[in-house]
Amino acid sequence: MSTSPHPVAIVTGAGRGVGAAVVRRLAARQFAVAAIDLKESWCVGTLDAMVEHRASVRAFGADLGFLHEAEAAVLRVVEALGPPSVVVNLPQHVRPAGQLRPLEEESDWDGVIRARLRAPLLLSRAAQRHLVDSGRGRIVNVVPPPSTRPPHVTELVSRAGLDAITLLLAEELGPFGVSAVTVAAAGHRTPREGGRAGEKQVDELVEELAAAVEFLVCDAEPDVTGRRLDPADCVGR
């Protein structure tokens with residue numbers, strides 16, 4: 001087992017968007033970061049975009065919606081970097097929600113549930129021993145902004161389910177010094193060009209969420225646990 005001189009964080013969905021931004025921020029805060037996505041190659045862009053701190057980031061590929069892959073991923077992280085004290089759960093890639101037909105495409109529903117609910121729960125379970133041993137473990141579950149207006153039913157279901165998972169983890173692991181929170185963007189994503197007045201651009205929402213995760217991992221008090229927070233509740237404190 002490798003032992004990094006820095007705390008170790010696992011960040012999923014790290015190949016793009018919020019996950020990639022979180023990787024960069026935590027690496028800059030002196031974390032050794034395990035960047036995980038469905039395929040290791042998807043994280044290459046994240047690494048290539050890092051001018052500094054790239055040496056502290058390792059890329060891994062795993063479908064964390066399956067228990068054996070979640071457990072194997074944690075073992076690989078421990079061997080390469082050391083035991084994790086932080087887990088940041090972001091959705092891995094699934095078919096865009098706008099393309100789903102509720103209750104008609106069972107495989108689509110299964111993919112959403114696996115990526116947005118099973119994966120955070122299974123990875124947190126696989127890492128929980130290390131989070132407890134760290135003395136101040138943190139789990140941050142991230143809900144990306146809705147991709148459609150109104151939000152697609154699968155996004156509403158997964159958001160409510162993730163809140164329940166966060167509460168469960170907080171209640172079970174809180175007595176052992178592990179906090180668990182959800183951070184969710186309330187805004188609607190718009191393209192860089194155009195969009196309605198008052199709507200936020202994609203890159204602005206990405207940085208808001210990444211900054212909120214950085215705060216919750218690095219600066220929040222341990223009693224901030226078991227609830228959903230808006231990025232505005234975190235940034236600027």
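The following exchange between a biologist and a modeller concerns a predicted model.

Biologist: In what order do the seven strands form the open sheet?

Modeller: The model is predicted, and its seven strands form an open sheet with parallel pairing. Strand E3 (57-61) and strand E9 (228-229) stand at the edges with a single partner strand each, so one side of each is left without a neighbour in the sheet. The order is E3-E2-E1-E4-E5-E6-E9.

Biologist: Which residue of E5 is the bridge partner of Val-88?

Modeller: Strand E4 (residues 84-89) and strand E5 (residues 138-143) run parallel and are joined by four bridges. Within E5, the bridge partner of Val-88 is Val-140.

Biologist: What angle does the direction of helix H1 make with that of E1?

Modeller: Helix H1 (residues 17-28) packs on the sheet, where it touches strand E1 (8-12), strand E2 (32-37), E3, E4 and E5. Relative to the direction of E1, that of H1 makes an angle of about 165°.

Biologist: Which element supplies the largest share of the largest nonpolar core?

Modeller: The largest nonpolar core has 37 residues, and those with the most contacts inside it are Val-11, Leu-26, Val-88, Val-140, Val-142 and Leu-216. At least two residues of this core come from each of E1, H1, E2, E3, E4, E5, strand E6 (179-184) and H6. The largest share, eight residues, comes from H6.

Biologist: How many residues does the second, separate core have?

Modeller: In soluble globular proteins, nonpolar side chains tend to be buried together. Here a second core is separate from the largest one, and Val-77, Val-78, Ala-119 and Leu-131 are among its members. Its number of residues is 32.

Biologist: What span should helix H6 have, given its 17 residues?

Modeller: Helix H6 covers residues 202-218, and the expected span is 1.5 Å times one less than the number of residues. The end C-alpha atoms of H6 are 24 Å apart, which agrees with the expected span of 24 Å.

Biologist: Within what arc do the buried residues of H3 fall?

Modeller: The 14 residues of helix H3 (residues 67-80) should span 20 Å, and its end C-alpha atoms are 20 Å apart, in agreement. Its buried residues are Ala-70, Ala-73, Val-74, Val-77 and Val-78, whereas His-68, Leu-75 and Glu-79 are exposed on the other side. The buried residues line one face of the helix, because, seen down the axis of H3, they fall within an arc of 135°.

Biologist: Is Ile-36 buried or exposed?

Modeller: Ile-36 lies in strand E2 and touches residues including Ile-10, Val-11, Phe-60, Leu-64, Ala-73 and Val-77. Its C-alpha atom is 9.9 Å from that of Val-23, 13 residues apart in sequence. With a relative accessible area of 0%, against a cut-off of under 20%, Ile-36 is buried.

Biologist: What distance separates the C-alpha atoms of Val-33 and Arg-58?

Modeller: Val-33 is placed in strand E2 and, at 0% relative accessibility, counts as buried. Among the residues it touches are Val-11, Val-23, Leu-26, Val-57 and Arg-58. Although Val-33 and Arg-58 are 25 residues apart along the chain, their C-alpha atoms are separated by 6.4 Å.

Methods
Residues numbered from 1 in each chain as written. Predicted model: local features only at pLDDT ≥ 70, side-chain atom pairs only at ≥ 80, totals over all residues. Heavy atoms only, no water. Buried < 20%, exposed > 50% of the residue type's maximum accessible area, 1.4 Å probe, protein only. Arc of directions from axis to C-beta. Pairing = 2+ DSSP bridges. Contact = heavy atoms within 4.5 Å. Axes fitted to C-alpha atoms, helices over the stretch in contact; angles between N-to-C directions. Core = buried A, V, L, I, M, F, W, Y, C linked by side-chain atoms within 4.5 Å. Lists of a residue's contacts leave out its neighbours within four places in sequence.
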